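Colleague: I've got a fresh model open and a handful of questions about how it packs. Could you walk me through it?

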Amino acid sequence: MKAMTAHPTDQVRQAAIETKTLFDKYGDPTTLPQTEENGILHNLLQDLKAIDSSKLTSLAFDAWLTNLETCETAFLSAVSQRTEETAARQVGIVKEIRQTADNAYRSLVELVNALTVVNGEAPYATFIDHVNAIIDRQKTVLKARQTNAKKKGGRR
């Protein structure tokens, strides 16, 4: 836009100066937080649309304006979708599912223990050994996570 302010045609030069003034008014919004940046771009778009379309055409700025509007619409749509997804999250769902899994595990342990009492341990020994190995592995993973969490918590 700055280069167009020195255009030899007075009409194009004046249109460029008018358009550049808007960009100067709003400055560089890319260093601002997303919400502020979006607000400034929205206001800039409104001001640019208020300029006579023949002036924008003389600057060959119509395509840029259309692209900027398209990008803003896509951004607003993505933000809206993110907000809807965040609002739809079920609070406590992980805890609820973990409790269901814990209850199922306890039921399995009770059943296997009852079967070993009735039929003896030999038919279930391999199954018990496999389940115990899985439990030991998960305990190790959980302990490592707790240790890492404590280390990260200490650095803050």
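**Core and helix packing**

Modeller: Sure, and keep in mind that this is a predicted model. Let's start with the largest nonpolar core, which has 14 residues. The members that touch the most others are L48, L59, F61 and L65.

Colleague: Which element gives the most residues to this core?

Modeller: Two elements give two or more residues to this core, helix 1 and helix 2. With five residues, the top giver is helix 1.

Colleague: Let's stay with L59. Which residues does L59 touch, not counting those up to four places away in sequence?

Modeller: L59 is among the core residues that touch the most other members. Leaving out residues up to four places away in sequence, L59 touches M1, M4, V12, A15, A16 and T19.

Colleague: On to the helices. How are helix 1 and helix 2 oriented, roughly parallel or roughly antiparallel?

Modeller: Helix 1 covers residues 10-26 and helix 2 covers residues 34-50, and their axes come within 10 Å. They cross at roughly 160°. The cut-off for this label is an angle over 145 degrees, so helix 1 is, relative to helix 2, roughly antiparallel.

Colleague: And is that crossing of helix 1 and helix 2 left-handed or right-handed?

Modeller: The crossing of helix 1 and helix 2 is right-handed.

Colleague: What does the contact of helix 1 with helix 2 have by class: how many nonpolar, polar and charged residues?

Modeller: From helix 1 you have T19, L22, F23, K25 and Y26, and they meet I40, N43, L44, D47 and L48 in helix 2. Sorted by class, that contact has two charged residues, two polar ones and, on the nonpolar side, six.

Colleague: What about helix 2 and helix 4: at what angle do they pack?

Modeller: Their axes are 11 Å apart. The crossing in which helix 2 passes helix 4 is left-handed. As for the angle between helix 2 and helix 4, it is about 145°.

Colleague: Which residues of helix 4 make the contact with helix 2, and how many of the residues in that contact are charged?

Modeller: Helix 2 brings Q34, N38, H42, L45, L48 and K49, while helix 4 brings L65, L68, E69, E72, F75, L76 and R82. By class, the residues of the contact of helix 2 with helix 4 are six nonpolar, three polar and, for the charged ones, four.

Colleague: N38 caught my eye in that list. Is N38 buried or exposed?

Modeller: N38 sits in helix 2. Beyond its neighbours within four places in sequence, N38 is in contact with E72, F75 and L76. Its relative accessibility is 17%, and the cut-off is under 20%, so N38 counts as buried.

Colleague: And its partner E72, is that buried or exposed?

Modeller: E72 is in helix 4. Not counting residues up to four places away in sequence, E72 touches N38, H42 and L45. With a relative accessible area of 13%, E72 is buried.

Colleague: Is A60 buried or exposed?

Modeller: You'll find A60 in the loop between helix 3 (53-58) and helix 4 (62-88). Its phi is near 60°, a positive value in a residue other than glycine. The relative accessible area of A60 is 54%, and the cut-off is over 50%, so A60 is exposed.

Colleague: How far apart in space are A87 and A50, C-alpha to C-alpha?

Modeller: A87 lies in helix 4 and counts as exposed at 65% relative accessibility. In sequence, A87 and A50 are 37 residues apart. In space, C-alpha to C-alpha, the distance between A87 and A50 is 36 Å.

Colleague: Last one: how far apart in space are R98 and E69, C-alpha to C-alpha?

Modeller: R98 belongs to helix 5, residues 93-119, and at 47% relative accessibility R98 counts as partly exposed. Along the sequence, R98 and E69 are 29 residues apart. Going from C-alpha to C-alpha, R98 and E69 are separated in space by 46 Å.

Technical notes: Residues numbered from 1 in each chain as written. Predicted model: local features only at pLDDT ≥ 70, side-chain atom pairs only at ≥ 80, totals over all residues. Heavy atoms only, no water. Axes fitted to C-alpha atoms, helices over the stretch in contact; angles between N-to-C directions. Helix = DSSP H or I, 4+ residues; strand = E, 2+ residues; numbered from the N terminus. Parallel < 35°, antiparallel > 145°, perpendicular 65-115°, else oblique. Left-handed = near helix turned anticlockwise from the far one by under 90°. Contact = heavy atoms within 4.5 Å. Nonpolar A, V, L, I, M, F, W, Y, C, P; charged D, E, K, R; others polar. Core = buried A, V, L, I, M, F, W, Y, C linked by side-chain atoms within 4.5 Å. Buried < 20%, exposed > 50% of the residue type's maximum accessible area, 1.4 Å probe, protein only.
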